[in-house]
Amino acid sequence: MGRPREHNQATAVALLEAAERTVQAAGLEGLSVRGLADDVGTTTRAVYTLFGSKDGLLSALGARAFTMLGAAISELPATADPAADLVEAGVTVFRRFAIGHPSLFRIGVQQTVGPPELASNFAQAATQAFAGLETRVTRVKAAGLLGGRSVREAACQFHALCEGLAAVELRGLMTPGEEMRIWRDALTALVAGFAIAEGPSHHAATPR
């Protein structure tokens, strides 16, 4: 049988999954259009038709990272405790994504793999995923638990801690077996701090 030549969504997903595995195993230098087509059992024409170029493929991987994050955040159940729900978004959604898809984390979130200018190609997907996080933070604000912070400011702080925790765990610097507890402890402390402390703009330092 010849190789399938359908340039459809199923082929695109298969190519993205294969590309993610290749980048994780061999780095960006190990990714080639020919090798990717061979892995999936299709043609190089399919890769170029679907993604335009190797850079287009990397952009699609970056967008895939945020699409996965956004979908997982939207699917996370909401309870009567918005602060606990926010912590759960970090532990259950962000950690699971970063540890389960480290190459996508580095391409999309950290933007340390591939040319920096590629980030503009998946900015919309990133914005949509961040909006999902802001929705969770908005519930915390509505409960009066953000102090003087804006939703955007608190969401940025929460995201920054999640990204840092993921980077540290991926480097193997957390105590084995204690990773989830460390994440939950750190994020719980941050979210609890939102409730008891005002934002920096409300505590401007007095020059001495």
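Leaving aside neighbours within four places in sequence, which residues is V137 in contact with? In this predicted model, the partners of V137 are L86, L146, V151, A154 and A155. V137 itself lies in helix α7. The residue is buried, and its relative accessible area is 0%. One of its partners, V151, sits 14 residues away along the chain. The C-alpha atoms of V137 and V151 are separated by 6.0 Å.

The overall picture comes next. The secondary structure consists of nine helices and zero strands. Read from the N terminus, the order of elements is α-α-α-α-α-α-α-α-α. Along the principal axes, the C-alpha atoms fill a box of roughly 70 × 40 × 35 Å. The protein has 208 residues, and 40% of them count as buried. Contacts with a separation of 6 or more were also examined. Among these, 71% come from residues 24 or more positions apart.

Two helix pairs were followed in detail. V137 takes part in the contact between α5 and α7. The axes of these two helices come within 8 Å and cross at roughly 155°. An angle over 145 degrees counts as roughly antiparallel, so α5 is roughly antiparallel to α7. Their crossing is left-handed. On the α5 side, the contact is made by P82, A83, D85 and L86. On the α7 side, L133, R136, V137, R139 and V140 take part. By type, the residues of this contact divide into six nonpolar, no polar and three charged.

The second pair is α8 and α9. Helix α9 spans residues 179–196. The axes of α8 and α9 come within 11 Å and cross at roughly 160°. The two helices are therefore roughly antiparallel to each other. Here the crossing is right-handed. Helix α8 contributes A154, Q157, F158, L161, C162, L165, A166 and E169 to the contact. Helix α9 contributes E179, I182, W183, A186, L187, L190, V191 and F194. The residues of this contact divide into 13 nonpolar, one polar and two charged. A154 belongs to the contact of α8 with α9, and A154 is also in contact with V137 of α7.

Charged pairs were considered next. Side chains of opposite charge can pair when their charged atoms come close. How many salt bridges does the count come to? The count comes to seven. Three of the pairs are described here.

E169, named above in the α8–α9 contact, forms a salt bridge with R95 at 2.8 Å, N to O. This pair links distant parts of the chain. E169 is in helix α8 (residues 151–170), R95 is in helix α5 (residues 82–100), and they lie 74 residues apart. Are these two residues buried or exposed? E169 has a relative accessible area of 13%, and R95 has one of 15%. Buried means under 20%, so E169 is buried and R95 is buried.

E134 and R152 also meet in a salt bridge, at 2.5 Å from N to O. E134 lies in helix α7 (residues 123–142) and R152 in helix α8, so the pair ties together parts that are 18 residues apart in sequence. The two partners are set in unlike surroundings: E134 is buried, with a relative accessible area of 17%, whereas R152 is partly exposed at 47%.

Salt bridges that share partners also join E17, E20 and R64 into one network. Within this network, E20 forms a salt bridge with R64. Their closest N and O atoms are 4.0 Å apart. E20 is in helix α1 (residues 9–26) and R64 is in helix α4 (residues 54–75). The pair links distant parts of the chain, 44 residues apart. Both E20 and R64 are buried.

One backbone feature remains. Most residues other than glycine have a negative phi. What sign does phi take at Q111? Q111 has a positive phi of about 55°, although it is not a glycine. Where does Q111 lie? Q111 lies in the loop between α6 (102–110) and α7. With a relative accessible area of 37%, Q111 is partly exposed.

Methods
Residues numbered from 1 in each chain as written. Predicted model: local features only at pLDDT ≥ 70, side-chain atom pairs only at ≥ 80, totals over all residues. Heavy atoms only, no water. Salt bridge = Lys/Arg side-chain N within 4 Å of Asp/Glu carboxyl O. Helix = DSSP H or I, 4+ residues; strand = E, 2+ residues; numbered from the N terminus. Buried < 20%, exposed > 50% of the residue type's maximum accessible area, 1.4 Å probe, protein only. Axes fitted to C-alpha atoms, helices over the stretch in contact; angles between N-to-C directions. Parallel < 35°, antiparallel > 145°, perpendicular 65-115°, else oblique. Left-handed = near helix turned anticlockwise from the far one by under 90°. Contact = heavy atoms within 4.5 Å. Nonpolar A, V, L, I, M, F, W, Y, C, P; charged D, E, K, R; others polar.
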